[in-house]
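I set out to go through this structure with a few plain look-ups and to write down what each of them returned. The entries below follow the order in which I worked.

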Amino acid sequence: MKYSPEFLEAIRKILNETKQDRLCRPFLAKRPQAEILPFLGSPRPAYFFLGVNPAGYDVSGAPTQAEDYIEWASAYFDGADNDKASFTGYLPYTANHTANYSAFGQAACVTHLVPILTARSSEVTAPLARACWPRARRLVESLKPNLILVHGSLAWKFLTGQEEETTILMDVPQAQRQGIPEIYEKLEADKLPFQTRFEGLAEDYKPWVVALPHLGGTGGGKEMRKKAEQGVQIARRRLSGGPVTVTSGGGAARIRVRRPD
């Protein structure tokens, strides 16, 4: 399969330059076995998950050459024995409440501000996210996903400028400039998705963004997850120009997934 030169270059830079970054070098030195994971899943995603860093995976021996890495990462969720870390709880976003991780990998791209595998996401700091962001931005620019699902408080606060001097997302509603728990407490599902621009990227690139709670076991209760699913479904319908009413069966909103063309 052929990939754009921009995508290949983005993966090369993440794999090579992360190790040379002045803030990443000491971080990696304390974790000599840490893997560099630019993305997992589809390079043509319908769902683009963006979090702080890959944490809790049992991954070793990931390729370090861009072409080899892309082939390995694209097939990652096809492997029955591959560890799926914290994505079990959020499979409904791309697999309609089934255990079909292959479908997840065909529809979703999982990537992070900091591509360094750690045991816990709490090991990552805001300065490290800021240092790695230019490389993550190149990846976003190369793929231009139409729907970005930002999960976890640090990633959300960084992108919306709540703890940084520079705001990465340029058109964030004021009601979204707060913590994710507060957003879910105060906003209805139809207010969760919004269209925005990225600082430094083309003005006409305006993806839909939805904030999600942490994908692991600390991701909030049943009602919070139900509202998150509804928000994602509404965003998908707005992308397609369809109605934004949410249907639910058995208390959970359903999303039908088609493999991207």
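Entry 1, the cavity. I note at the outset that the model is a predicted one. I began with the lining of the largest cavity and found that helix H6 gives it the largest share, namely four residues. I then asked which elements each supply at least two residues of that lining; they are H1, S3 and H6, the last of these spanning 126-143. Searching the whole structure, I found one cavity of 30 Å³ or more, and I wrote down a volume of about 60 Å³ for the largest cavity. Among the residues that line the largest cavity I listed Ile 14, Thr 18, Thr 111, His 112, Cys 132, Arg 135, Ala 136 and Leu 139. Sorted by class, the lining came out as eight nonpolar, three polar and one charged residues.

Entry 2, Asp 21. Arg 135, which I had just met in the lining of the largest cavity, turned up again when I looked up Asp 21, since leaving aside residues up to four places away in sequence, Asp 21 touches Ala 131 and Arg 135. I placed Asp 21 in the loop between helix H1 (5-20) and helix H2 (24-29). Is Asp 21 buried or exposed? I recorded Asp 21 as buried, because its relative accessibility is 13% and the cut-off for buried is under 20%.

Entry 3, strand S2. I next checked how well S2, residues 47-51, is covered, and noted that five of its five residues are buried. Following the side chains, I saw that Tyr 47, Phe 49 and Gly 51 point one way from S2, while Phe 48 and Leu 50 point the other way. For its partners, I found S2 paired in the parallel sense with S3 (residues 108-112) over five bridges, and joined to S4 (residues 147-151), also in parallel, by three bridges. Phe 48 served me as a marker for both pairings, as Phe 48 stands opposite Cys 109 in S3 and has Ile 148 as its bridge partner in S4.

Entry 4, Ile 70. I located Ile 70 in helix H3, residues 66-74, and entered it as buried because its relative accessibility is 0%. Which residues does Ile 70 touch, not counting those up to four places away in sequence? I found Tyr 3, Phe 7, Leu 8, Ile 11 and Phe 39. Of these contacts I followed up Phe 39, which lies 31 residues from Ile 70 along the chain, with 8.3 Å separating the two C-alpha atoms.

Conventions:
Residues numbered from 1 in each chain as written. Predicted model: local features only at pLDDT ≥ 70, side-chain atom pairs only at ≥ 80, totals over all residues. Heavy atoms only, no water. Buried < 20%, exposed > 50% of the residue type's maximum accessible area, 1.4 Å probe, protein only. Contact = heavy atoms within 4.5 Å. Pairing = 2+ DSSP bridges. 1 Å grid on protein atoms, 1.4 Å probe; cavity = no way out; pocket = protein on both sides within 12 Å on 5 of 7 lines; lining within 4 Å. Points joined across faces, edges and corners; volume = space filled by probe spheres on them. Nonpolar A, V, L, I, M, F, W, Y, C, P; charged D, E, K, R; others polar.
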